[in-house]
Amino acid sequence: MASPSIEVALGERSYPIWITTSQADGSNPVDFASSFQDSVGSCSHAVLIHDAAIADTVANQVERVLAGMNIRVTNIQVPSGETSKSVAQLETIWNTMLGSGTDRQSVVVAVGGGVVGDLAGFAAASFTRGLRFVQVPTTLLSMVDSSVGGKTGINLPGGKNMVGSFWQPQMVWIDTQTLSTLPDRDFISGMAEVIKYGVIEDAEFFSWLKDNTGSLAERNPDALRHAITRSCESKARVVAEDERETSGRRAILNYGHTFAHAIEATAGYGVCLHGEAVAIGMQMAARLGIDMELCPPSLLEEQTAVLEAAKLPLVWKEADPDQMLPVMARDKKVAHGKLRFILPNRIGDVSLVGDVPAEKVIRAIEACRSMN
Ligand SMILES: NC(=O)c1ccc[n+]([C@@H]2O[C@H](COP(=O)([O-])OP(=O)(O)OC[C@H]3O[C@@H](n4cnc5c(N)ncnc54)[C@H](O)[C@@H]3O)[C@@H](O)[C@H]2O)c1
Ligand SMILES: [Zn+2]
């Protein structure tokens, strides 16, 4: 048995992340069945919850492997898209689980992007007060971000991710080959989070990214495995230090996100993809960092070069501080009415900065309406 690419260190809730690439003949250097057996232990029933977009490909392959292990599989297909992270969809899943004899010994296997991972993870966390759970992420964003760290949940009509739970999987299985069908726009969007890890806490990885965005864009398997491994290591380190967001350390993962959430909300949800908003938000945060004299202007130049090479958007013509500031004021990072931001000190190091003057925030937003 090979050793896992990464071990997420959370005491008794620790789990492995496997990062591999299946070959043209369908074989894989790391065997899914033995990894599953090793991490999950005995299992006679799996609830396979998958995104409709990968029903005939990844979900089908996973189902065949599970069936080959003499595991009875209940297959639940979820329509693609954010609207599936709903109470209605969760209720359908709970009822299907009940109707198929799901019990405390069953294992939930989530196959899809962040939407299915968050939804299936919460179904696992809540059904009979908690089932074992395996993540098979199939988008770049879910491989480097949502499948690591144990946040699961759904949206309410009035708020994103409002209901959920911290629920760690038994293992995460990442096959970079599954990215071959992911649309470019989703792939590029996921790159924003990859680049984010370089800026927030891994300067060496950032420098690697400077030379390798081209290979990543071509979805070169070696480059992908490296970038996904470094990203998951970064997230795992941060999560291990602050699993439930109590010390403040986990907040560094939100670099660029206070701006991004305001961009997403004012643009209208779904108009820009999350990673696209994060890229623009990172540019705003870097400008704010420079204005606050926390980091040199060269940081913005370096960040711009890498985001641009990844083909991410860097400006938002419609950026309107009058609309964005009220949204930011409602953000979770506001303490006692003061705006707080994760700002860069240098590549590989950021801090949570409180008491940021509104006029500087406005300047940073306005500066990102065009390239100069
Ligand atoms: N839990 C966390 O810590 C965390 C962190 C970040 C984001 N999230 C959540 O993740 C969600 C976004 O995740 P996402 O970007 O993966 O979106 P997603 O799950 O909606 O997937 C994006 C699109 O790709 C399609 N797709 C998925 N895999 C594919 C494949 N291999 N080939 C072709 N198409 C494929 C999907 O059908 C969908 O249309 C949001 O709901 C967000 O709140 C959670
Ligand atoms: Zn994000």
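Trainee: What makes the pair formed by threonine 138 and ligand 1 a polar contact?

Mentor: A polar contact is a pair of N or O atoms within 3.5 Å (within protein, one must be able to donate a hydrogen and the other to accept it, and residues adjacent in sequence count only if both atoms are side-chain atoms). A nitrogen atom of ligand 1 is 2.8 Å from an N or O atom in the side chain of threonine 138, so the pair qualifies. Keep in mind that this is a predicted model, where local features need pLDDT of at least 70 and side-chain atom pairs count only at pLDDT 80 or more, while totals for chains, interfaces and linings use all residues. Residues are numbered from 1 along each chain as its sequence is written, chains are lettered from A and ligands numbered from 1 in the order in which they are written, and side-chain values use heavy atoms, without hydrogens and water.

Trainee: Which atom of ligand 1 does threonine 139 approach?

Mentor: An oxygen atom of ligand 1, with a polar side-chain atom of threonine 139 at 2.6 Å. For aspartate 118, the partner is a nitrogen atom of ligand 1 at 3.0 Å. The protein covers 83% of the 870 Å² of accessible area (Shrake-Rupley method, 1.4 Å probe) that ligand 1 has on its own.

Trainee: How do you know which atoms are donors of the zinc ion (ligand 2)?

Mentor: Donors are N, O and S atoms within 2.8 Å of the metal (3.2 Å for Na, K and Ca); water is not among the atoms, so sites may look incomplete. Glu193 (OE), His257 (NE2) and His274 (NE2) lie at 2.0 to 2.1 Å, so they count. Along the chain, the donors follow the spacing E-x63-H-x16-H. Glutamate 193 sits in helix α6 (residues 184-201) and histidine 257 in helix α9 (residues 257-267), so this pair ties together parts 64 residues apart in sequence. Helices here are DSSP runs (H or I, at least four residues; strands are E, at least two), numbered from the N terminus.

Trainee: Why is glutamate 193 called buried?

Mentor: Buried means under 20% relative accessible area, exposed over 50%, and partly exposed in between (1.4 Å probe, protein chains only). Glutamate 193 has 0%, so it counts as buried. Histidine 257, at 5%, is buried too.

Trainee: What makes the phi of arginine 219 worth a look?

Mentor: Most residues other than glycine have a negative phi. Arginine 219 is not a glycine, yet its phi is positive, about 60 degrees.

Trainee: Are arginine 219 and glutamate 293 buried or exposed?

Mentor: Arginine 219 is buried, at 17%. Glutamate 293, which also has a positive phi of about 60 degrees, is exposed at 73%.
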